[in-house]
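Please look at the sequence and the model below before reading on. The text then goes through a few side-chain contacts and a surface patch.

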Amino acid sequence: MAMATSMQSLLASPISGLNNRSKLTQMVVPSGFTPRLARNARLRVRCMAEQKDKMASSPNQEDKPEPTPMPTPSPKPKVNSTSFGDVFAFSGPAPERINGRLAMIGFVAAMAVEVSKGSDVFTQISDGGIQWFLGTSVLLSVASLIPLFKGVSAESKSNGLMTSDAELWNGRFAMLGLVALALTEYVKGGALV
């Protein structure tokens, strides 16, 4: 309020030249005038909820039944899309899960053959490993896709120790393990064991 008064007096001063008030207005209402409320003026604030309660409790009013609130609908369960594009999307359920499962089988198989025969990964692939790889890939991919195309998610079947998150992390570590095994054997020039 004081700021507005000082701005009015500054703008209305003869020095500023911004005086657009008439001489009559300047004589009747001075520039420093601030209206004040009378001391007996009171401001009442009433809550509408209290008035409704009083009206409802008074015996003069007719008893009207209150409308019953509509029940909120229960949330619909998340439906998994079964279209080919959604299942194989980059963030879809199939790519990382299938690659992780194949990597887990591949890492264990590569280490087992390396320990038993002493041959590295590249020798295993060249000695007939391609057929085993393709057969295993097709079998595991089809076995992984059938539930996904039926709308069943891996998260709905996971409980206890064997969770879907544990499977994803094990698959990620198996993918890293296969790459590290192949790279180590390439740098070393032979089998790891």
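What follows starts with the salt bridges, moves to the aromatic rings and ends at the surface. The model is a predicted one, and residues are numbered from 1 along the chain.

The salt bridges come to 3 in count. One of them joins Arg172 to Glu96, with N and O at 2.4 Å. Arg172 belongs to helix H7 and Glu96 to helix H5 (residues 94-117), so this contact ties together parts of the chain that are 76 residues apart in sequence. Arg172 is partly exposed because its relative accessibility is 29%, and Glu96 is also partly exposed, at 32%.

Glu167 takes part in a salt bridge with Arg97, where the closest N and O atoms are 2.9 Å apart. Since Glu167 sits in helix H7 and Arg97 in helix H5, the pair ties together parts separated by 70 residues in sequence. Is Arg97 buried or exposed? Its relative accessible area is 8%, and the cut-off for a buried residue is under 20%, so Arg97 is buried.

Glu167 also forms a salt bridge with Arg101, with 2.4 Å between the closest N and O atoms. This pair again links distant parts of the chain, as Glu167 of helix H7 and Arg101 of helix H5 are 66 residues apart. Arg101 has 23% relative accessibility and therefore counts as partly exposed. Arg97, Arg101 and Glu167 are thus linked in a network of salt bridges.

Arg172 has a further contact to note. This residue lies over the face of Trp169, at 4.7 Å from the ring centre. Trp169 is in turn a member of an aromatic pair, and the structure holds 1 such pair. Its rings, those of Trp169 and Phe173, have centres 6.0 Å apart and planes at 35°, so the pair is tilted. Both residues lie in helix H7, 4 residues apart, which is about one turn of the helix. How accessible are the two? Trp169, at 48% relative accessibility, counts as partly exposed, while Phe173, at 53%, counts as exposed.

The last feature is on the surface. Phe122, Leu183, Tyr186 and Val187 form a nonpolar patch there, with about 480 Å² of accessible area together. Helix H7 (residues 164-188) gives the largest share of the patch, 3 residues. Leu183 is placed in helix H7. With a relative accessible area of 52%, Leu183 is exposed, because the cut-off for an exposed residue is over 50%.

Terms used. Predicted model: local features only at pLDDT ≥ 70, side-chain atom pairs only at ≥ 80, totals over all residues. Heavy atoms only, no water. Patch = residues over 30% accessible without salt bridge, like charges linked within 9 Å, V, L, I, M, F, W, Y side chains within 5 Å. Areas by Shrake-Rupley, 256 points an atom, 1.4 Å probe, with all protein chains shown as cover. Salt bridge = Lys/Arg side-chain N within 4 Å of Asp/Glu carboxyl O. Helix = DSSP H or I, 4+ residues; strand = E, 2+ residues; numbered from the N terminus. Buried < 20%, exposed > 50% of the residue type's maximum accessible area, 1.4 Å probe, protein only. Phe/Tyr/Trp six-rings, centres within 6.5 Å; stacked < 30°, edge-to-face > 60°. Lys NZ or Arg CZ within 6 Å of the ring centre and 35° of its normal.
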